[in-house]
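Got the viewer open? Let's take a walk through this one together, one selection at a time.

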Amino acid sequence: MEVWSLEHTIPLHKWSFVAATYDKACGELKLYLNGTEAAVRKVGAAADITPFGGDLLIGRNNKGMILAESFTMNHFGGLLDELVIYNRALSAVDIADAFQA
């Protein structure tokens with residue numbers, strides 16, 4: 001499952017607050033940028049997240065593509081700070097509060 005936004009891009013050379021949620025009860029994936037909803041995708045209430053047996057990779061694709069036999073594509077080329085993973089979907093208010101904190 002993926003969700004993205006072409007209208008709300010992450011600015012270069014500037015810190016951004018990015019959050020994503022999946023609420024199985026409503027069947028929605030949501031993406032937030034700087035405390036504001038940037039994208040939503042309906043996936044249906046029956047959609048499950050399948051556990052993966054490999055490492056959890058954040059900021060890169062598990063199957064990155066190699067370019068010119070030297071560079072791995074599909075990786076985030078920045079810094080991550082204050083990374084948090086919850087066992088529940090945060091509300092829009094929770095996301096806005098976290099951004100303001």
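Before we start, one term: a residue counts as buried when its relative accessible area is under 20%, as exposed when that value is over 50%, and as partly exposed in between. With that in hand, of the 101 residues of the chain, 16% count as buried. Keep in mind throughout that this is a predicted model.

**Stop 1: the whole chain**

Show everything as a cartoon. You should find one helix and five strands, and from the N terminus on they run β-β-β-β-β-α. Taken along the principal axes, the C-alpha atoms fill a box of roughly 45 × 35 × 25 Å. Switch on the surface for a moment: the accessible surface comes to about 8300 Å², and 56% of that belongs to carbon and sulfur atoms. As for contacts with a separation of 6 or more, residues 24 or more positions apart account for 40% of them.

**Stop 2: β1 and β2**

Select residues 18-23, which are strand β1, and add β2; these two pair in the antiparallel sense over six bridges. Which residue in β2 is the bridge partner of T21? Follow the bridge across from T21 and you land on K30. Now look at the turn of this hairpin, where four residues sit between the strands. G27 is in that turn, with a positive phi of about 70 degrees.

**Stop 3: β2 and β3**

Keep β2 (residues 28-33) and add β3 (residues 36-42). Here too the pairing is antiparallel, over six bridges. Click on L29 and look opposite: that's R41 in β3. This hairpin has two residues between its strands, and N34 takes a positive phi near 55 degrees.

**Stop 4: E28**

Zoom in on E28, which is found in strand β2. Is E28 buried or exposed? E28 is buried, because its relative accessible area is 13%, below the 20% cut-off. Show what surrounds this residue: leaving aside neighbours within four places in sequence, E28 is in contact with T21, Y22, D23, V40, R41, K42 and V43. Pick out K42 from that list, since the side chains of E28 and K42 make a polar contact of 2.4 Å. Then turn to K30, which forms a salt bridge with E28; the closest N and O atoms are 3.6 Å apart.

**Stop 5: E37**

From K30, go on to E37, which is found in strand β3. The side chains of K30 and E37 meet in a salt bridge, at 3.6 Å from N to O. E37 is partly exposed, with a relative accessible area of 38%. If you color what E37 touches, not counting residues up to four places away in sequence, you will light up K30, L31 and Y32. Try a distance label as well, from E37 to A92: they are 55 residues apart in sequence, yet 7.5 Å apart in space, C-alpha to C-alpha.

**Stop 6: the charged pairs**

Side chains of opposite charge can pair when their charged atoms come close. How many salt bridges does the count come to? There are four. One of them is away from the residues you have just been clicking through in this tour: select R88 and D94, where the closest N and O atoms are 3.4 Å apart. R88 is partly exposed, at a relative accessible area of 48%, and D94 is partly exposed too, at 28%. Then bring back E28, K30, E37 and K42: salt bridges that share partners join these four into one network.

**Stop 7: a nonpolar patch**

For the last selection, go back to the surface and color L56, I58, F76, L80, L83 and I85. Together they make a nonpolar surface patch of about 650 Å². Click on L83, which is found in the loop between β5 (71-72) and α1 (92-100). L83 counts as exposed because its relative accessible area is 54%, above the 50% cut-off.

**Before you close the viewer**

Two selections are good to keep side by side. One is the salt-bridge network of E28, K30, E37 and K42; the other is the nonpolar surface patch that includes L83.

Note on methods. Residues are numbered from 1 along each chain as its sequence is written. This is a predicted model: local features need pLDDT of at least 70, side-chain atom pairs count only at pLDDT 80 or more; totals for chains, interfaces and linings use all residues. Side-chain values use heavy atoms; hydrogens and water are left out. Patches are made of residues with over 30% relative accessible area and no salt bridge: like charges are joined within 9 Å, nonpolar side chains (Val, Leu, Ile, Met, Phe, Trp, Tyr) within 5 Å. Accessible areas come from the Shrake-Rupley method with a 1.4 Å probe; for residues, only the protein chains shown count as cover. Buried means under 20% relative accessible area, exposed over 50%, partly exposed in between (1.4 Å probe, protein chains only). Two strands pair if DSSP finds at least two bridges between them. Contact means heavy atoms within 4.5 Å. A polar contact is a pair of N or O atoms within 3.5 Å; within protein, one must be able to donate a hydrogen and the other to accept it, and residues adjacent in sequence count only if both atoms are side-chain atoms.
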